[in-house]
Amino acid sequence: MTPATHRLPSAGFSITIRVSVIADASAIGRLTTAVGEAGGIVTAVDVVDSDSANVVVDLTCDTADSSHAEQVVAGLEKLDGVDVRKVSDRTFLLHLGGKIEVAPKVALRNRDELSRAYTPGVARVCLAIAENPDDARRLTIKRNTVAVVTDGSAVLGLGNIGPYAAMPVMEGKAALFKRFGGVDAWPVVLDTQDTDEIISIVRAIAPAYGGINLEDIAAPRCFEIEERLRDQLDIPVFHDDQHGTAICVLAALTNALRVVGKPIRQVRVVVSGAGAAGTAIMKLLLRQGVGDVIATDRPGALHRGMTGLSASWQWLVNNTNRDNYSGDLRGALRGADVFIGVSAPNLLTGDDIATMAPDSIVFALANPDPEVDPREAREHAAIVATGRSDQPNQINNVLAFPGVFRGMLDAQAREFTDAMALAAAQAIADAVGEDKLNPTVIVPSVFDARVAPAVAAAVRAAAKGPQLDSMPDGVVRSYEE
């Protein structure tokens, strides 16, 4: 039977279906077969009750989307002797009441502890900080706290869905900060998309935080917001959609090139998507000395001679596309060594990947559906990576941002630099180990406990060492006529 969906099932659309089925030897097999025929993936089968005639089963399975979940349920309902009692969306259940909370670090068990944590003892600490404001980094939550700031204008691949709808993502980000970096983070979700107002608000709340993580703010406004906040604040400002993605991509590419035996200075990279993530990726690759990059977006390849460009696209026009190619994405791919997609689903086919250079590398990172079906890409490319957790070589920002902020907070850094980005990427790449590298393992697992400490140590060292000029203030190379 043809599967009911062409999309790949994932845990993000996991459901638990409680069914009552006539108890016989084939009962469970019929249930799992029906799910498989509908294109779902069974991940757990739990018997919760039974009697002499029936058995009640919780059937947990991954589906591709909400409509696919309905198709799976409908397939079960068609079976003789099956009664579907309840369907639970496991993702919604996980979000009930939010995903984070505040917990005190001191017990406050008696008057003595209360007097030191609050009045009158706290006044002494307040006066010490008033005399030396830098002491706030030692004596308050500023030492270990990050603001996760968004305006809800570019949430995941969902677009401009606003501040309320952005909250679950920001909560998740805060939970990841704590889980992987030991960093206390809190969502700061703003009901404005005015650039000046966002900058003013973040500047005003900055005293409480040791760093600012900008998240899901649409390009090109995100570039101006980050640049101006960096100029105005004495704490690191880090746009994860730009720099976290770029760090992880460079780490993955470093190891992919090790596997195929190509030096980065000799490869040609094609990037689909010249927004926040794509621009940051290309700038970091240029800083690392990549041979050439071609940026593509809706108008095709960005090339010299184009008019009416934003400042960020003009920078790319001036500093990429050595031969000034002016065609479409498919044409740019011919003979290219590397494809990096941070754009939209289903732009390419396996036939397009076949036109790339031998031992090609494909990073199709659009989520949840990549720019090219990874199964088709693997028929032609030596290495394929996606942003999905159910595929090999998942490139996920959680490899970078917890360790980056851990290192910056520990170093009491006042800014984020390109040197930190390059050091973090190298630390992530090296976490795999030469003996572990192969086409299906070019990045460490997001649950590898060694990664965040290694990234933090690299960032601390970079914070103390010689600093590189930060882009886009300086131009790495220029093809401007």
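Here is a short back-and-forth about a few labels used for this predicted model.

Me: Why is Asn144 called buried?
Reply: Buried means under 20% relative accessible area. Asn144 comes in at 16%, so the label fits. For orientation, Asn144 sits in the loop between α6 (136-139) and β5 (145-150).

Me: What makes the Asn144 and Arg406 side chains a polar contact?
Reply: The cut-off for the N or O pair is within 3.5 Å, and the contact joining these two side chains is 2.7 Å. Arg406 is also among the residues that Asn144 touches, along with Gly182, Val183, Asp184 and Leu409, leaving aside residues up to four places away in sequence.

Me: How do you know that Cys248 has no bond to Cys222?
Reply: A disulfide needs two cysteine sulfur atoms within 2.5 Å. The closest cysteine sulfur to that of Cys248 is in Cys222, 17 Å away, so that's too far for a bond. A search of the whole structure turns up zero disulfides, and Cys222 is in none.

Me: Are those two cysteines, Cys222 and Cys248, buried or exposed?
Reply: Both get the buried label, because the bar is under 20%: Cys222 has a relative accessible area of 1%, and Cys248 is at 1% too.

Me: And why does Tyr118 count as exposed?
Reply: Exposed means over 50%, and Tyr118 has 55% relative accessibility, so it qualifies. Tyr118 is in the loop between α4 (111-117) and α5 (122-131). Together with Val106, Leu108 and Leu114, Tyr118 makes a nonpolar surface patch of about 410 Å².

Note on methods
Residues numbered from 1 in each chain as written. Predicted model: local features only at pLDDT ≥ 70, side-chain atom pairs only at ≥ 80, totals over all residues. Heavy atoms only, no water. Helix = DSSP H or I, 4+ residues; strand = E, 2+ residues; numbered from the N terminus. Buried < 20%, exposed > 50% of the residue type's maximum accessible area, 1.4 Å probe, protein only. Polar contact = N/O pair within 3.5 Å; in protein donor to acceptor, adjacent residues only side chain to side chain. Contact = heavy atoms within 4.5 Å. Patch = residues over 30% accessible without salt bridge, like charges linked within 9 Å, V, L, I, M, F, W, Y side chains within 5 Å. Areas by Shrake-Rupley, 256 points an atom, 1.4 Å probe, with all protein chains shown as cover. Salt bridge = Lys/Arg side-chain N within 4 Å of Asp/Glu carboxyl O.
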